[in-house]
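Visitor: Could you take me through one part of this structure in close-up? I'd like to look at how the aromatic rings and the helices around them pack.

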Amino acid sequence: MHLDLLVLSRIQFAMTIMFHYLFPPLSIGLGAVLVFMEAMYLKTKDPQYEAITRFWTRIFAANFAMGVATGIVMEFEFGTNWAAFSRYVGDVFGSALASEGIFAFFLESGFLAVLVFGWDRVSARFHFLATCMVAMGATFSAIWIVVANSWMQTPRGFHIIGSGLTARAEITDFWAMVFNPSTINRLTHTLIGAYILGAFFVMSISAYYLLKDRHIDFARKSFKTALVFGTVMSLAAGLTGDLNARMIARYQPAKFAVAEGNLHTEKGGTAFGLFGIPDANGERMHYEVAIPGLLSVLMYGDPHKPVPGLDQIPRADRPPVIVPYMSYHVMIFIGTYLVGLSVLACFLWWRGILFQQRWLLWVFVFSVVGPYLANEAGWVTAEVGRQPWIVYGLLRTSEGLSKAVQANQVLGSIVMFMVVYALLFAVWVHVLNDKIGHGPDAPHEPPSTSTTAGGVLAVHAATEDPAGYSLTADSDSWEGSGAEANHQEGRH
């Protein structure tokens, strides 16, 4: 592969956005978890739910900061490496990004300080409002980014003015631009992918605590809540994935053909490929395992109606085959795995033996990698499958490049980004490891009625909680006695 300006610019953008995309889905998923946990605290007054919310808030804040820091880079890339693209779609793309700033970023930033530092400074209801606003802000941010990207996939609500180098898209119908044919399907699938990541992230850490006999009550409540949430979202991902595939088949048949490995239009029904290795030029599949007629059934409900293949697309407009095919099937495989794992855990929970299966808890500890890979694979399928268009059917990727940037400059920036991102990732892992190692704080037990009597007995009562933990002891002392009690609970 010749590393010219186009290839290097694509590598740079793919690297920066894939690194950035490690963080926003977790912020969205954890935001939903925070809202649910704090709502449970307000409803039940169970101090354990408050401790749970405080702990996940610290994880959320560290992850949110990384998402903001890594997202700023791409804003500059639009102006440096992709200036022709920015000029061509600036009116459309800029309106969506501006909406993100107004409706999402300000909302998140305005209430984030209350969420993190306001526990003992504002009322419980106002703090819950702040939690809801931050979670909504993270979701609104995803909405407007997906709107902008969906317009690049299925552009609507615009017209082209000017010609040649002065040509540019201008919005004629803002809501047609927002609700273009792919927005709703892509948005629901993206948000559900983020919720799945949030749920499995919580289950991963909770399972680790259970295996180590630490914070047992905290871990059980967190795990069960996330399991319900994750199971529902994993099943929903299958439904939204099917709707998304049907939309792609209708509006982007080339992307659908390479994702499914449907390289030639067959007579009669089209098989659904489970596995295969496409050759480099996209002429045939090697070692293919497929179910005859199934793709026709999924698309048309007719096992004999052929689905158009890649051979129906002009060669100049065909995307690469191997990358979107592999990433699409990785996403499907991981999605199926997560559904199976969640349903199995629910069954064992119903049998009352979920937390006795140490092997399953270890599986959950490492399964958090699955949603990360699935989210990244989904993005790769969407973006590589759209090639050679940067705006589908309107502007080719090669036409969106900046004219003044040199290949060696882009190569130098890639090396610099790799070094900086490696350091950022190391810091993020260190911070997460530190917070997970520290664990949740002891629940803030409500004061006993006996403490209102005054005198020496009241002072003594105020320094001990009903479980026997000394509130004046240091955290290690509490941890030691709590772990012992939790160990007893775990054994029972």
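Guide: Sure, let's start with the frame: the chain has 16 helices and 6 strands, where helices (H or I, at least four residues) and strands (E, at least two) are DSSP runs numbered from the N terminus. This is a predicted model, so local features need pLDDT of at least 70 and side-chain atom pairs count only at pLDDT 80 or more, while totals for chains, interfaces and linings use all residues. Residues are numbered from 1 along each chain as its sequence is written, and side-chain values use heavy atoms, with hydrogens and water left out.

Of the 492 residues, 48% count as buried, meaning under 20% relative accessible area, with over 50% called exposed and partly exposed in between (1.4 Å probe, protein chains only).

Now zoom in on helix α1 (residues 5-20) and helix α14 (residues 407-438). They pack at an angle of about 15°, with their axes 9 Å apart; axes are lines fitted to C-alpha atoms, for helices over the stretch in contact, and angles run from 0 to 180 degrees between N-to-C directions. That makes α1 roughly parallel to α14, the label for angles under 35 degrees (over 145 is roughly antiparallel, 65 to 115 roughly perpendicular, the rest oblique). The crossing of α1 and α14 is left-handed, as the near helix is turned anticlockwise from the far one by less than a right angle (clockwise would be right-handed).

Who's touching whom? Contact means heavy atoms within 4.5 Å. On the α1 side the residues include Leu-8, Ile-11, Met-15 and Phe-19, and among those they meet in α14 are Val-410, Ile-414, Phe-417, Tyr-421 and Phe-425. Some of these names come back in an aromatic cluster formed by Phe-19, Phe-23, Phe-417, Tyr-421, Phe-425 and Trp-428.

Rings pair up elsewhere too. A search of the whole structure finds 28 aromatic pairs; rings of Phe, Tyr and Trp (its six-membered ring) pair if their centres lie within 6.5 Å, with planes under 30 degrees apart stacked, over 60 edge-to-face and the rest tilted. Take Phe-223 and Phe-355: their centres are 5.6 Å apart and their planes at 75°, so this pair is edge-to-face. It links distant parts of the chain, 132 residues apart, with Phe-223 in helix α8 and Phe-355 in the loop between α11 and α12. Phe-223 is buried, at a relative accessible area of 0%.
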